[in-house]
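Me: I'm new to this one, so please take a close look at a single part with me. Which residue would you start from, and where does that lead?

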Amino acid sequence: MYDANNVFAKILRGEIPCNKIYEDDKVLSFYDINPKAKIHALVIPKSMYVNFQDFLEHSSDKELTDFFRAVVHVTNLLGLKEGGYRIVMNTGKNAGQEVPHFHAHILGGEVLPTDQI
Ligand code: AMP
């Protein structure tokens, strides 16, 4: 069940600010407020999905394609193509997902630790 009071829903409604990187009619990208890498961006769909599982099970093929193309677009905007980056999509409590609105983390700008994955 989607909780419309989550922080990313509030950002999408303009109730709280974000440091925007990219926006189109389907997707919003902004910097993570508590960066875990030199560059730490988030990409979220504007539609209401709780997490990766919900998004993959209930979105259309076009929504999926639009979302992941937007993720790559953001990596290009951030200059991460050459050096590489990590995409993380925490899903559910065992992954420690804090915000129940589907999002992809983009981490890069430096060599990232490999002790977790
Ligand atoms: P997750 O643990 O995968 O749900 O990640 C949620 C992320 O959202 C964390 O990295 C938080 O630092 C980030 N976050 C929480 N509130 C905000 C906010 N208001 N603006 C930007 N990022 C946020």
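**From an exposed start to the ligand**

Reply: Let's start on the outside: Asp61 counts as exposed, because its relative accessibility is 62%. (Exposed means over 50% relative accessible area, buried under 20%, and partly exposed in between, with a 1.4 Å probe and protein chains only.) Before going on, keep in mind that this is a predicted model, where local features need pLDDT of at least 70 and side-chain atom pairs count only at pLDDT 80 or more, while totals for chains, interfaces and linings use all residues. Residues are numbered from 1 along each chain as its sequence is written, and side-chain values use heavy atoms, with hydrogens and water left out.

Asp61 belongs to helix H3, which runs over 61–77. (Helices are DSSP runs of H or I with at least four residues, strands are E runs with at least two, and numbering goes from the N terminus.) Compare Asp61 with Ile11: they are 50 residues apart along the chain, and 25 Å lies between their C-alpha atoms.

Ser60 sits in the loop between H2 and H3. Ser60 is partly exposed, because its relative accessibility comes to 34%. Its side chain reaches the backbone nitrogen of Glu63 at 3.0 Å. That's a polar contact, meaning a pair of N or O atoms within 3.5 Å; within protein, one must be able to donate a hydrogen and the other to accept it, and neighbours in sequence count only if both atoms are side-chain atoms.

Now walk to helix H2 (52–58) and the loop between strand E3 (39–45) and that helix, where Asn51 is found. With 13% relative accessibility, Asn51 counts as buried. A polar atom of the Asn51 side chain lies 3.1 Å from the backbone nitrogen of Gln53. Inside H2 itself you'll find Asp54, which is buried too, at 18% relative accessibility. Asp54 and Phe102 are 48 residues apart along the chain, yet their C-alpha atoms are separated by 8.1 Å.

Phe102 points us on to the loop between strand E4 (85–88) and strand E5 (104–108), home of His103. Is His103 buried or exposed? It's buried, because its relative accessibility is 5%. A polar atom of its side chain lies 2.6 Å from the backbone oxygen of His101.

His103 also brings us to the ligand: 16 residues surround it, with Asp32, Asn90, Glu98, His103 and His105 the closest. (To be near, a residue needs a heavy atom within 4 Å.) Three polar partners are worth clicking on. Asp32 has a polar side-chain atom 2.5 Å from an oxygen atom of the ligand. For Val99, a polar backbone atom lies 2.9 Å from a ligand oxygen. And an N or O atom in the His105 side chain is 2.8 Å from an oxygen atom of the ligand. How much of the ligand does the protein bury? Taken alone the ligand exposes 510 Å², and the protein buries 88% of that. (Those areas come from the Shrake-Rupley method with a 1.4 Å probe.)

Which elements give two or more residues to this shell? Those are helix H1 (7–12) and strand E2 (27–31). H1 brings the largest share, three residues.

One last stop follows H1: Cys18, in the loop between H1 and strand E1 (20–23). Cys18 is partly exposed, since its relative accessible area is 30%. Cys18 and Phe30 are 12 residues apart along the chain, and their C-alpha atoms are separated by 6.2 Å. So that's our trip, from exposed Asp61 to the ligand and its 16 surrounding residues, and on to partly exposed Cys18.
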